[in-house]
Amino acid sequence: MNWNETRQFLGPCFPEEVRAELDMLLPGELHEIRIRVNRPTVFVTATRTASLPWSPEKQQLEAMVEALSEHSLYARQEETCQGYLTLRGGHRLGICGQVVKSDDQSVLSQFGSVCLRIANEWHGAADILLSRMNRLQSVLILGAPGSGKTTMLRDLARQLACGRNARQVAIIDERSELAACVAGVPQLDVGDSTDVLDALPKAEAIPWLIRAMAPEVIITDELGSDGDAAAVLDALNCGVAVCASAHGNTLQDAASRPTLAALMARRAFDLYALLSPDGGGRIIGLYDRTGSPLPL
């Protein structure tokens, strides 16, 4: 979905003052729209954060969410229980409000605010990283939220899965952000020879993919649990490379987290890439499997 198509999709869901702001933005410029009941709407772009005069009432926010979900909100209750919806075009709607327990499940019953994250594809985001990979290697991309980890992983998948030397790539898209599948079909360009397993935890998805799809490399985001670490080690033991991401402002910060520390101690990754907190997917640090710095 290009920027014109994105505006055509989003525009009817918003009032005129928001549509006018959308019309002034360039492709790739908009990152987020944050909307809160009875408070100004906030646009977050690549260069600024701006407040708009639209302060929706509760009913207006609920109507907007229903429109963005293309009137399938009730049918997608399992997704809203996870706190988000993946929209057409790969955009992601984070939802916040009042949660109630129903049959041991947390259900969002009242909407108070939403964060609409715009899916921006950046072909070439992984160029520098690929130039440092002498072969098919396992890579961990570290960075703060919004630093470009998901964008880089997506482009890495695309480039590995295209061309004369295309690899068999498999994506585990636990939170439907990498490929942004709708009804099992990726909305974003993840490469010609890429298979996507959507909305399944890594511990279940890795053995599934190895049995069913025989990938050469598995790409996934946000390692965070002991189960994630065990699944990554299982893949590596089967001869499958793993490219993943995790939160971390420094390599030392990542090493202080038990899950990542276990992987780093096992030398699970051949290369670590640290991204700038300023966003844009800019690599500010490269490290080998021992944690020693490499020249940029």
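Me: Hi! Where does Gly89 sit?
Reply: Hi! Gly89 is in the loop between strand S4 and strand S5, which covers residues 92-102. One thing to keep in mind as we go: this is a predicted model.

Me: Got it. Is Gly89 buried or exposed?
Reply: Gly89 is buried, because its relative accessible area is 5% and the cut-off for buried is under 20%.

Me: Which residues is Gly89 in contact with, if I skip its neighbours within four places in sequence?
Reply: In that case Gly89 is in contact with Met1, Ala119, Gln187 and Leu188.

Me: And how far is Gly89 from Val182?
Reply: Their C-alpha atoms are 8.7 Å apart in space, while in sequence the two residues are 93 apart.

Me: Okay, what about a pair with Gln82 in it? How far is Gln82 from Arg282?
Reply: Those two are 200 residues apart along the chain, and their C-alpha atoms are separated by 30 Å.

Me: Where is Gln82, and is it buried or exposed?
Reply: Gln82 is found in the loop between helix H4 (77-80) and strand S4 (84-86). With 56% relative accessibility, Gln82 counts as exposed.

Me: Let's switch to helices. Which residues of H1 are buried?
Reply: Helix H1 runs over residues 3-10, and Trp3, Thr6, Phe9 and Leu10 are buried in it. Around the axis they cover an arc of only 120°, so they are on the same side of H1.

Me: Nice! What do those buried residues pack against?
Reply: The buried residues of H1 pack against two helices, H2 (16-24) and H3 (58-68), and two strands, S1 (30-36) and S6 (105-117).

Me: You mentioned S6. Where does Ser113 lie, and is it buried or exposed?
Reply: Ser113 lies in strand S6. The relative accessible area of Ser113 is 17%, so this residue is buried.

Me: What is Ser113 in contact with?
Reply: Leaving out neighbours within four places in sequence, Ser113 is in contact with Ile35, Arg36, Leu61, Gly94, Ile95 and Cys96.

Me: New topic: backbone angles. What sign does phi have in most residues other than glycine?
Reply: Most residues other than glycine have a negative phi.

Me: So what is the phi of His71?
Reply: His71 has a positive phi of about 60°, although it is not a glycine. His71 is in the loop between H3 and H4, and with 61% relative accessibility it counts as exposed.

Me: And what about the phi of Ala199?
Reply: Ala199 is not a glycine either, yet its phi is positive, at about 65°. The place of Ala199 is in the loop between strand S11 (194-198) and helix H7 (202-213). Ala199 is partly exposed, with a relative accessible area of 46%.

Me: Let's zoom out. How many helices and strands are there?
Reply: The protein has 10 helices and 16 strands.

Me: How does the radius of gyration fit a compact globule?
Reply: It agrees: a compact globule of 296 residues would have a radius of gyration near 19 Å, and the protein has 20 Å. Along its principal axes, the C-alpha trace spans about 55 × 45 × 40 Å.

Me: How much of the protein counts as buried, and how much area does it expose?
Reply: Of the 296 residues, 49% count as buried. The protein exposes about 14000 Å², and carbon and sulfur atoms supply 48% of that area.

Me: Last one: how far apart are the mean positions of the charges?
Reply: The mean positions of the 27 positive and 36 negative charges are 5 Å apart.

Terms used: Residues are numbered from 1 along each chain as its sequence is written. This is a predicted model: local features need pLDDT of at least 70, side-chain atom pairs count only at pLDDT 80 or more; totals for chains, interfaces and linings use all residues. Side-chain values use heavy atoms; hydrogens and water are left out. Helices (H or I, at least four residues) and strands (E, at least two) are DSSP runs, numbered from the N terminus. The radius of gyration is taken over C-alpha atoms; the globule rule is 2.2 Å times the number of residues to the power 0.38. Buried means under 20% relative accessible area, exposed over 50%, partly exposed in between (1.4 Å probe, protein chains only). Accessible areas come from the Shrake-Rupley method with a 1.4 Å probe; for residues, only the protein chains shown count as cover. Lys and Arg count as positive and Asp and Glu as negative; His and the chain ends are not counted. The place of a charge is taken as NZ of Lys, CZ of Arg, CG of Asp or CD of Glu. The arc is that of the directions from the helix axis to the C-beta atoms. Contact means heavy atoms within 4.5 Å.
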